Amino acid sequence: WKLLFNGKDLTGWTVAGEKDSWVVEDGTLHCTGKGHGMIYADGTYKNFELKIDFKLTPKANSGVFFRIWDKSDPVQTGIEVQVLDSYGKEKPSKHDCGSLYDVQEPSKNPLHPPGEWNSYHIICKDTQIVVYLNGEKVNEVDLSRWTEPYRNPDGTPNKFKYPYNQMTRPGVIALQNHGNKVWYRNIKVKSLD
């Protein structure tokens with residue numbers, strides 16, 4: 001495992017957006033909620049395991065992005081596992097925590113309430129993506145089933161101009177600033193290539 005965040009400073013990360021939108025606070029990587037944009041980790045990864053802890057404020061929205069191949073358009077050229085305060089929601093949607101955003105909803109919702117720490121374990125191997133939230137498997141996707149732009153295999157629309165079966169190339173890992181206060185810690189990656 002390789003630690004992506006040292007808990008002391010932003011070494012190994014690049015902020016896109018307002019410079020003070022991401023700060024180190026008490027050993028955490030804190031999104032202050034100023035502006036919008038991303039913070040990018042150094043390096044590119046195709047097949048990997050990613051572990052990351054996150055803590056939300058009420059109604060906060062963020063995201064864990066990976067395989068971004070064009071930083072000028074990260075939403076369209078990367079995959080997002082949603083980070084959202086959807087605590088207590090019985091039937092989570094394609095926009096709730098644990099979803100592959102706009103692509104597939106999580107099967108359950110083991111999210112802790114705002115102010116408590118949660119953990120993701122995301123596994124990417126070619127077309128297979130598996131998401132664990134707080135130790136429970138909440139999503140499993142085979143990207144090869146997504147063959148059309150703007151459409152999911154079940155016929156529902158999505159906002160992506162590239163079919164997700166093309167989202168297998170190497171890219172960067174990033175965290176999203178969506179204008180809300182969020183904290184991340186224990187960010188580590190293990191290459192499977």
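Hi everyone, let's start with one pair of residues: phenylalanine 66 sits across from isoleucine 79, which belongs to strand 8. Before we follow that strand, please keep in mind that this is a predicted model.

A second facing pair involves strand 8 as well, with valine 64 opposite valine 81. The two strands that pair up here are strand 7, residues 61-68, and strand 8; they run antiparallel and are joined by six bridges.

Now let's step back to the sheet. Its five strands come in the order 2-5-12-7-8, the pairing is antiparallel, and the sheet is open. Which strands stand at the edges? They are strand 2, residues 13-16, and strand 8; each has a single partner strand, so one side of each lacks a neighbour in the sheet. From one strand to the next, the twist averages 20 degrees.

You might wonder about strand 8, then: is it enclosed or open to the outside? Six of its six residues are buried, so strand 8 is largely enclosed by the rest of the structure. In a regular strand, side chains alternate between the two faces of the sheet. In strand 8, both faces are covered. On one side we have Ile79, Val81 and Val83, and on the other Glu80, Gln82 and Leu84, all of them buried.

That brings us to the interior. The largest nonpolar core has 45 residues, and the members touching the most others are Tyr120, Leu175, Tyr184 and Ile187. Strand 6, residues 48-56, gives the most to this core, with five residues. For a closer look, take leucine 175. Leaving aside residues up to four places away in sequence, leucine 175 touches a list of residues including Trp13, Trp22, Leu29, Met38, Ile52 and Val64. Tyr184 and Ile187 are also among the contacts of leucine 175. There is a second, separate core too, with six residues, among them Tyr40, Ile68, Val172 and Ala174.

Next, the cysteines. How many disulfides does a search of the whole structure find? Zero. Why does cysteine 31 have no bond? Its closest cysteine sulfur is in cysteine 97, and because the two sulfurs are 15 Å apart, they are too far for a bond. A disulfide here would need the pair within 2.5 Å. Cysteine 31 is buried, at 0% relative accessible area, and cysteine 97 is buried as well, at 0% relative accessibility.

Let me finish with two backbone details. Most residues other than glycine have a negative phi. Aspartate 102 has a positive one, near 70 degrees. Where is aspartate 102 found? Look in the loop between strand 8, residues 79-84, and strand 9, residues 117-125. Aspartate 102 is buried there, with a relative accessible area of 11%.

The other residue is tyrosine 150, whose phi is also positive, near 60 degrees. Tyrosine 150 lies in the loop that runs between strand 11, residues 136-142, and strand 12, residues 172-177. Tyrosine 150 is partly exposed, with a relative accessible area of 46%.

Thanks for listening, everyone!

Conventions:
Residues are numbered from 1 along each chain as its sequence is written. This is a predicted model: local features need pLDDT of at least 70, side-chain atom pairs count only at pLDDT 80 or more; totals for chains, interfaces and linings use all residues. Side-chain values use heavy atoms; hydrogens and water are left out. Helices (H or I, at least four residues) and strands (E, at least two) are DSSP runs, numbered from the N terminus. Buried means under 20% relative accessible area, exposed over 50%, partly exposed in between (1.4 Å probe, protein chains only). A nonpolar core is a set of buried Ala, Val, Leu, Ile, Met, Phe, Trp, Tyr and Cys residues joined through side-chain atoms within 4.5 Å. Contact means heavy atoms within 4.5 Å. Two strands pair if DSSP finds at least two bridges between them. Axes are lines fitted to C-alpha atoms, for helices over the stretch in contact, and angles run from 0 to 180 degrees between N-to-C directions.
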